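Got your viewer open? Let's take a walk through this model, one selection at a time.

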Amino acid sequence: DQMKQDYLAAAYKQGDETRIQVLNEPEQKAETQNWMWVYMTGKFSEGPRMVLFQYERTRGGYHPKEFLEGSAESCFTCDGYEPYHGLPDPITVTGCWAHSRRRFEKCLSILKKEFKKEQLKETTAYQAMARIGMLYKIEELNACKTPEERYQERQKQSKPLIDALFE
């Protein structure tokens, strides 16, 4: 219980869910897919780093809402699974660049079959991949800075790249 309370108090949280197969679950076939909901604090969270696991039989969107009930004001980074976007206040849901990048990468793999290299460079997917790569590099270069310094660098360097994705 103390770990969950510490997690709920953290200013920065992450979460994801994944299928698991439980072979010896009462009243359930061995082939049934169940879900492990994983909640963790990030490296920039104050307090201890932790990972909490919640086993559920379903992927129901009410699971993260119930688990995160009572959270302090915080950011919660996750994939695009719709129920995360209905989390209770005061949680601000933020997206994950790795999940976004995968979608653009998938587009590029399809386009590579029909486009020449120079044509690929003109596609939105290619431009997005290049910008996301630059965002990763900016984060790497600023990893040792204070939160305020990282914020300032993100405003100066990252914000124009992100804005350009939506032009």
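## Stop one: the rings

Start by selecting Trp-37, Phe-76, Tyr-81 and Tyr-84, which together form one aromatic cluster. Keep in mind as you look around that this is a predicted model. Across the structure there are 7 aromatic pairs.

Now hide everything in the cluster except Trp-37 and Tyr-81. Are their rings stacked or tilted? The planes are at 40 degrees, so this pair counts as tilted, with the ring centres 6.4 Å apart. Next, trace the chain between the two: Trp-37 is in strand β2 (residues 33–41), while Tyr-81 is in the loop between β4 (74–78) and β5 (91–95). That puts them 44 residues apart, so to speak on distant parts of the chain, and the pair links those parts. Turn on the surface, too: both Trp-37 and Tyr-81 are buried.

Stay with β2 and pick Tyr-39, then add Phe-67. These two rings have their planes at 5 degrees and their centres 4.0 Å apart, so here you have a stacked pair. Phe-67 belongs to helix α2 (residues 62–67) and Tyr-39 to strand β2, so the pair ties together parts 28 residues apart in sequence. Both Tyr-39 and Phe-67 are buried.

## Stop two: charges over rings

Leave Phe-67 on screen and add Lys-4. The charged end of Lys-4 sits over the Phe-67 ring, 4.3 Å from its centre. Then jump to Tyr-7 and Lys-13: Lys-13 lies over the face of Tyr-7, at 5.8 Å from the ring centre.

## Stop three: strands side by side

Switch to the cartoon view and colour β1 (residues 12–21) and β4. They pair in the parallel sense, over 3 bridges. To see one spot up close, select Tyr-12 and its bridge partner in β4, Cys-75.

Now swap β4 for β2. In which sense do β1 and β2 pair, parallel or antiparallel? They pair in the antiparallel sense, over 9 bridges. Click on Gln-21 and you'll find it opposite Gln-33 in β2.

## Last stop: a buried arginine

Finally, go to helix α6 (residues 147–165) and select Arg-150. Which side chain of opposite charge is nearest to Arg-150? That would be Glu-139, 5.4 Å away; Arg-150 is buried yet has no salt bridge. A salt bridge would need the charged atoms within 4 Å. Show the backbone of Lys-145 as well: its oxygen lies 2.5 Å from a polar atom of the Arg-150 side chain.

Methods. Residues numbered from 1 in each chain as written. Predicted model: local features only at pLDDT ≥ 70, side-chain atom pairs only at ≥ 80, totals over all residues. Heavy atoms only, no water. Phe/Tyr/Trp six-rings, centres within 6.5 Å; stacked < 30°, edge-to-face > 60°. Helix = DSSP H or I, 4+ residues; strand = E, 2+ residues; numbered from the N terminus. Buried < 20%, exposed > 50% of the residue type's maximum accessible area, 1.4 Å probe, protein only. Lys NZ or Arg CZ within 6 Å of the ring centre and 35° of its normal. Pairing = 2+ DSSP bridges. Lys, Arg positive; Asp, Glu negative; His and termini not counted. Polar contact = N/O pair within 3.5 Å; in protein donor to acceptor, adjacent residues only side chain to side chain.
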